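Visitor: I have a structure open and no idea how to read it. Could you walk me through it, feature by feature?

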Amino acid sequence: MNMELDSNRLVDAYLDELAAEAAALPAGRRDELLDDMKTHIAEARAAGATSDDEIREVLQRLGRPSEIVAAATDGLVQVEVPPRLRPWDFVAVGLLLVAPYLLSFSVIVAMVGWVIGVGMLWSSNRWTTIWKLIGTLTWPLGYAVALALDMFFQAPIQVSLVADSLVAIGLTVALVLNARAPRQTS
Amino acid sequence: MVAEKVFTQLRRGTLEFCVLALLQGEPRYGFELVKALSDVDGMVTTEGTIYPLLARLRREGLVETSWQESGSGPPRRYYTSTPEGSQALAAFTADWQRFCTSVDKILQSGRRG
C-alpha cells in the first residue's frame, strides 16, 4: 500500500475527529483551530515528517483532539439554553385545556384537574402574571363566549360549542407561544 | 507522581507568559513557536493546545499576527508581542520571581528543620 495514502488517512482521521470535537465551538474559533492544525501538520511534513510513523508521532505530539478543543473552550462560558417548556408545563397547559371537556364525564374529575392545572400554571416560572391570568381565565372566557352567542344571537348549541373550543384552543396556543424560560443569572 | 497535578496547573498558568517571552523582539510562526517550546523539557505536553492559546492571546490583544508566504509549505501566520503583551510579561516576570523566591525559601527552611 502506498505510504503517502496511508499517512493521509491518518491525518484525515485526526482532522475529522478534531472537527467533530470542535463542533460546539463558535464557527470562527473552530475554523481557525482547524486551519492552525492543518498548517501545523503541513509544516511538519515540509520539515521532513513523511513516513507513517513520523506522521503518527506528529499527531501524537499535537495531543488528543478532545484536549485541544478543551483548551479552545477555556474561557468560553458554556451556556445551557433551558427549554421554554418543561414536561410539567405541558401537563399544566394540557390540564387547563382538557379539564372543561371532562365535565360530561365527571364534574369532580374536571374540577380537580382544572385546579391542579391552575396550580401548576401559577407555580411555573415560564409565564408572566398576565399570561398566568389568561391561562386561568381560558375556561371562563370560552364559556362566556358560548353563553353570549347563545343568549344574544340564539346560536345553535353546536356553534356555541365550536366557538368555546376555538377560544380555548386559541388562548392555549398563545399561552404556549408566550412561555419564556427565565434568564439565567449565574 | 503526587505533584503531577500541581505541575499541570503551573504549566497551564505559565505557558502563556513563556509564549509571550518567545515573541519578544522577533515574530515567529506557529510551528516554529511550538518547536521552541517543545524543545524545553517539561513545558509542553500537548503541542496542539498552543494554538488555542495563541488565538486567545490575540483576542486579548497581547499578540498580533500577520501572514507571510513561505518557500517550503503553506502561508505562515506570524505572531509577535504587542506593547500590552510585553507589559503583561514584565509584570508576570516580577511576580514570578518573587513567588519562586518565596517558595524556595520555605522549601529550604523545611528541609533544614
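Guide: Happy to. Let's start at one spot: B:Gly71 sits in the loop between strand E2 (63–68) and strand E3 (76–81) of chain B. Helices (H or I, at least four residues) and strands (E, at least two) are DSSP runs, numbered from the N terminus.

Visitor: Before we go on, what kind of model is this, and how is everything labelled?

Guide: This is a predicted model, where local features need pLDDT of at least 70 and side-chain atom pairs count only at pLDDT 80 or more, while totals for chains, interfaces and linings use all residues. Residues are numbered from 1 along each chain as its sequence is written, chains are lettered from A and ligands numbered from 1 in the order in which they are written, and side-chain values use heavy atoms, leaving out hydrogens and water.

Visitor: Back to B:Gly71, then. Is B:Gly71 buried or exposed?

Guide: The idea is to look at relative accessible area: buried means under 20%, exposed over 50%, and partly exposed in between (1.4 Å probe, protein chains only). B:Gly71 counts as exposed because its relative accessibility is 91%. Along the chain B:Gly71 is 16 residues from B:Ala55, and their C-alpha atoms are separated by 24 Å.

Visitor: What about B:Glu69, where is that one found?

Guide: B:Glu69 belongs to the loop between E2 and E3 of chain B. With 68% relative accessibility, B:Glu69 counts as exposed. Try picking B:Leu107 too: B:Glu69 and B:Leu107 are 38 residues apart in sequence and 50 Å apart in space, C-alpha to C-alpha.

Visitor: And which loop holds B:Gly25?

Guide: Look between helix H1 (4–22) and strand E1 (28–29) of chain B. B:Gly25 has a relative accessible area of 78%, so it is exposed. From B:Gly25 to B:Ala3 you count 22 residues in sequence and 34 Å in space, C-alpha to C-alpha.

Visitor: Can you show me a residue in a helix? Which residues does B:Ile50 touch?

Guide: For touching, we use contact, which means heavy atoms within 4.5 Å. Leaving aside residues up to four places away in sequence, B:Ile50 touches B:Leu15, B:Val34, B:Leu37 and B:Val44. You'll find B:Ile50 in helix H3 (residues 50–59) of chain B. B:Ile50 counts as buried because its relative accessibility is 0%. B:Ser66 is 16 residues from B:Ile50 along the chain, with 17 Å between their C-alpha atoms.

Visitor: Now zoom out for me. In what order do the elements of chain B run?

Guide: Chain B has 4 helices and 3 strands, and from the N terminus on they run α-β-α-α-β-β-α. Taken along the principal axes, the C-alpha atoms of chain B fill a box of roughly 60 × 30 × 20 Å. Buried residues are 35% of the 113 residues in chain B. If you take contacts in chain B between residues at least 6 apart in sequence, 48% join residues at least 24 apart.

Visitor: Does a database record say anything about chain B?

Guide: An unreviewed UniProt entry puts the annotation "domain: Transcription regulator PadR N-terminal" on residues 19–90 of chain B. UniProt positions are given in the numbering used here, feature names are shortened, and annotations may be inferred rather than shown by experiment. Over residues 19–90, chain B is 43% helix and 19% strand, and the end C-alpha atoms are 13 Å apart.

Visitor: And chain A: which residues does "transmembrane region" cover?

Guide: In an unreviewed UniProt entry, that annotation covers residues 90–118, 130–149 and 155–177 of chain A. Residues 90–118 of chain A are 72% helix and 0% strand, with the end C-alpha atoms 12 Å apart. Residues 130–149 of chain A are 100% helix and 0% strand, and there the end C-alpha atoms are 26 Å apart.

Visitor: Where is A:Gln154 in all that?

Guide: A:Gln154 is in the loop between helix H7 (129–153) and helix H8 (157–177) of chain A. Although A:Gln154 is not a glycine, it has a positive phi of about 50°. A:Gln154 is also exposed, with a relative accessible area of 60%.

Visitor: Last one: what is the mean pLDDT of chain A?

Guide: pLDDT is the predictor's confidence in each residue, from 0 to 100. Where pLDDT is low, the predicted coordinates should not be read in detail. Chain A has a mean pLDDT of 87, and 91% of its residues reach 70 or more.
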